[in-house]
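Q: I am new to this structure, so please give me a friendly tour. Start with the vocabulary, please.

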Amino acid sequence: MTKRTLIAALAVSAVLSIPALAQRTAPPAPAPVDAKVAALRDAALKDDVAYDIVEGLTTEVGARLAGTEGEARARVWAVAKLKALGFKNVRAEPYRMPVWVRGEERAEIVAPFPQKLALTALGNSGATPAEGLTAEVVVFPTYGDLVAAPAGSLTGKIAYVGNTMAPTQDGSSYGAAGAARFVGPALAASKGAAAIVIRSIGTDTNRLPHAGNTNFPAGTTAIPAAALSAPDATLIEAMAKRGKPIRMKLLLTPRHIGEQESGNVIAEVPGSDPKAGIVLIGGHLDSWDLATGAIDDASGVAITAAAAKRILDSGKRPRRTIRVVWWGSEEVGGFGGRDYAAKHGSERHVVAAESDFGADRVWRFETTLPDSAKPVADRLASALAPLGIVRGTAQAGDGADIAPIVALGVAGVDLNQSGLRYFDTHHTADDTLDRVDPEQLRQNVAAWTAMLAIVANAPEEIGPVQRAQKP
Ligand code: ZN
Ligand code: ZN
């Protein structure tokens with residue numbers, strides 16, 4: 001027991017008068033923070049590089065839907081930017097993937113109370129006839145109600161599915177509410193629906209629909225599928241309470257344009273010890289097409305690159321190579337993450353970490369590390385605490401783009417951002433630069449800088465890990 005914990009134990013035991021218990025429960029002394037790590041962390045609280053990247057990408061490129069000309073311009077921009085920042089081995093790695101693009105999208109209630117609706121097609125949505133589709137709406141207040149609908153009961157009808165999503169700091173409400181979008185359209189199609197509209201998966205009450213991908217498994221018809229803004233969803237639910245049949249006219253003309261080029265952009269801070277492995281970090285370069293993707297995920301690519309640049313400019317090579325990847329086509333199915341793993345999975349990655357939850361402050365970190373590297377987590381806890389970041393206990397290695405690498409047994413570190421505002425603008429026309437709070441963005445850079453300084457230089461061996469199966 002150190003002197004500090006002994007004093008703490010005595011202080012607690014004096015209050016509780018149960019010395020034995022107090023000695024057992026006294027927390028261990030925090031790991032000391034390396035002065036160089038602290039200095040890098042604190043300097044990063046003045047970072048301007050991350051904001052410069054978000055501002056540049058959103059201003060000079062804008063929307064960058066996977067596989068489109070916008071994403072191709074983003075790759076060119078990214079390669080130039082990362083070279084200008086001084087990174088090594090900067091290159092784009094193209095691959096091909098099937099591409100869906102939005103068309104016209106309009107909807108209105110034609111009876112009993114004619115009104116126009118604000119909505120947007122979901123990724124992979126089918127198209128209506130060119131003149132539109134008019135049909136009766138069957139209102140399901142929740143996804144569970146759609147599940148309970150008998151087979152064939154939706155034939156020729158438009159399914160409406162409601163959902164509720166409260167803001168949560170850890171974003172956990174997204175998974176629950178998201179079923180209406182992820183699998184609701186395929187389920188409605190299997191029950192005969194001609195089309196489906198859902199309440200947007202979001203936490204705002206703006207008249208802006210939230211885009212996002214859905215999937216139709218092989219053998220399921222890709223029916224027209226769209227998300228209504230929250231106020232328009234509320235309107236339909238209010239009409240349904242009047243008990244009269246609701247008829248909707250829907251026009252959606254998205255289409256698949258075949259295989260196109262997408263790609264990842266890679267940059268490195270070379271390490272001094274090639275045998276020590278790679279620390280893999282990054283975010284996704286593509287965005288949805290309704291806005292400039294400032295929070296999703298220009299911020300993630302910016303935070304990770306800005307932190308890596310601070311290690312690059314620190315005057316001392318890190319022990320391990322830090323590889324920054326700006327993945328392509330995350331939004332539409334994670335093609336970039338899979339292509340990266342196919343091309344680089346045989347290289348020795350030791351830690352993977354992804355930033356894809358906006359730009360608000362990091363409030364918690366989690367690690368999944370091998371036993372040999374447990375002290376690394378203790379040092380992270382000490383270095384991140386002054387930034388207001390607590391230590392979590394769940395498994396780490398979250399993120400669609402690192403998932404194929406994490407699946408190979410690579411250790412993970414998650415720096416969890418607050419999700420309280422994230423789903424207000426997620427995938428909407430409001431995901432623009434003004435949503436990014438420069439001060440919170442800097443706190444992110446500081447957290448990532450401290451994490452990289454510790455993980456990339458850790459003297460411990462960081463071997464593979466075994467994760468418990470997710471439920
Ligand atoms: Zn994202
Ligand atoms: Zn997204």
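A: Helices (H or I, at least four residues) and strands (E, at least two) are DSSP runs, numbered from the N terminus. This is a predicted model, in which local features need pLDDT of at least 70 and side-chain atom pairs count only at pLDDT 80 or more, while totals for chains, interfaces and linings use all residues. Residues are numbered from 1 along each chain as written, chains are lettered from A and ligands numbered from 1 in the order written, and side-chain values use heavy atoms, without hydrogens or water.

Q: Which helix holds Asp-297, and what is the omega of the cis peptide bond that joins Asp-296 and Asp-297?
A: Let us place the residue first: Asp-297 sits in helix H10. The bond joining Asp-296 to Asp-297 is cis, and its omega is about 10°.

Q: What is the omega of the cis bond from Ala-111 to Pro-112?
A: Look in the loop between strand E2 (105-111) and strand E3 (115-117), where Pro-112 has its place. The peptide bond leading from Ala-111 into Pro-112 is cis, with omega near 5°.

Q: What is the strand order of the open sheet of eight strands?
A: Strands pair here if DSSP finds at least two bridges between them. Strand E1 (88-101) and strand E15 (390-391) each have a single partner strand, so they stand at the edges and one side of each lacks a neighbour. With mixed pairing, the order is E1-E10-E12-E11-E13-E16-E14-E15.

Q: Which residue of E15 is the bridge partner of Arg-364?
A: Strand E14 (residues 362-368) runs parallel to E15, and two bridges join them. In E15, the partner of Arg-364 is Val-390.

Q: Which strands does helix H10 touch as it packs on the sheet?
A: Contact here means heavy atoms within 4.5 Å. Helix H10 covers residues 294-312 and packs on the sheet. The strands that H10 touches are E10 (255-269), E11 (278-284), E12 (321-327) and E16 (411-417).

Q: Which residues coordinate the zinc ion (ligand 1)?
A: Donors are N, O and S atoms within 2.8 Å of the metal (3.2 Å for Na, K and Ca), and since water is not among the atoms, sites may look incomplete. The donors of the zinc ion (ligand 1) lie at 2.0 to 2.6 Å, and their residues are spaced H-x11-D-x59-D in sequence. His-284 lies in strand E11 and Asp-356 in the loop between E13 and E14, so this pair ties together parts that are 72 residues apart in sequence. The coordinating residues are His-284 (NE2), Asp-296 (OD) and Asp-356, with an OD entry listed twice for Asp-356.

Q: Which residues coordinate the zinc ion (ligand 2)?
A: Here the donor residues follow the spacing D-x34-E-x95-H, and the donor distances are 2.0 to 2.4 Å. Two OE entries belong to Glu-331. The full set of residues is Asp-296 (OD), Glu-331 (OE) and His-427 (NE2).

Q: Which residue bridges the zinc ion (ligand 2) and the zinc ion (ligand 1)?
A: The ions lie 3.2 Å apart. The bridging residue belongs to helix H10, while Glu-331, 35 residues away, is in the loop between E12 and helix H11 (335-344). That bridging residue is Asp-296.

Q: Which of His-284, Asp-296, Glu-331 and Asp-356 is partly exposed?
A: Buried means under 20% relative accessible area, exposed over 50%, and partly exposed in between (1.4 Å probe, protein chains only). His-284 is buried at 0%, as is Asp-296 at 3%. Glu-331 is buried too, at 10%. At 22%, the partly exposed residue is Asp-356.

Q: What covers the buried residues of H11?
A: The buried residues of H11 are Gly-336, Gly-337, Asp-339, Tyr-340, Ala-341 and His-344. The elements covering them include E1, E10, E11, E12, strand E13 (349-354) and helix H13 (403-406).

Q: What is the phi of Ser-329?
A: Ser-329 is found in the loop between E12 and H11, and it is buried at a relative accessible area of 0%. Most residues other than glycine have a negative phi. Ser-329 is not glycine, yet its phi is positive, near 45°.

Q: What is the phi of Asn-124?
A: Asn-124 lies in the loop between strand E4 (119-121) and strand E5 (133-140). With a relative accessible area of 17%, Asn-124 is buried. Its phi is positive, in a residue other than glycine, and is near 80°.

Technical notes. Axes are lines fitted to C-alpha atoms, for helices over the stretch in contact, and angles run from 0 to 180 degrees between N-to-C directions.
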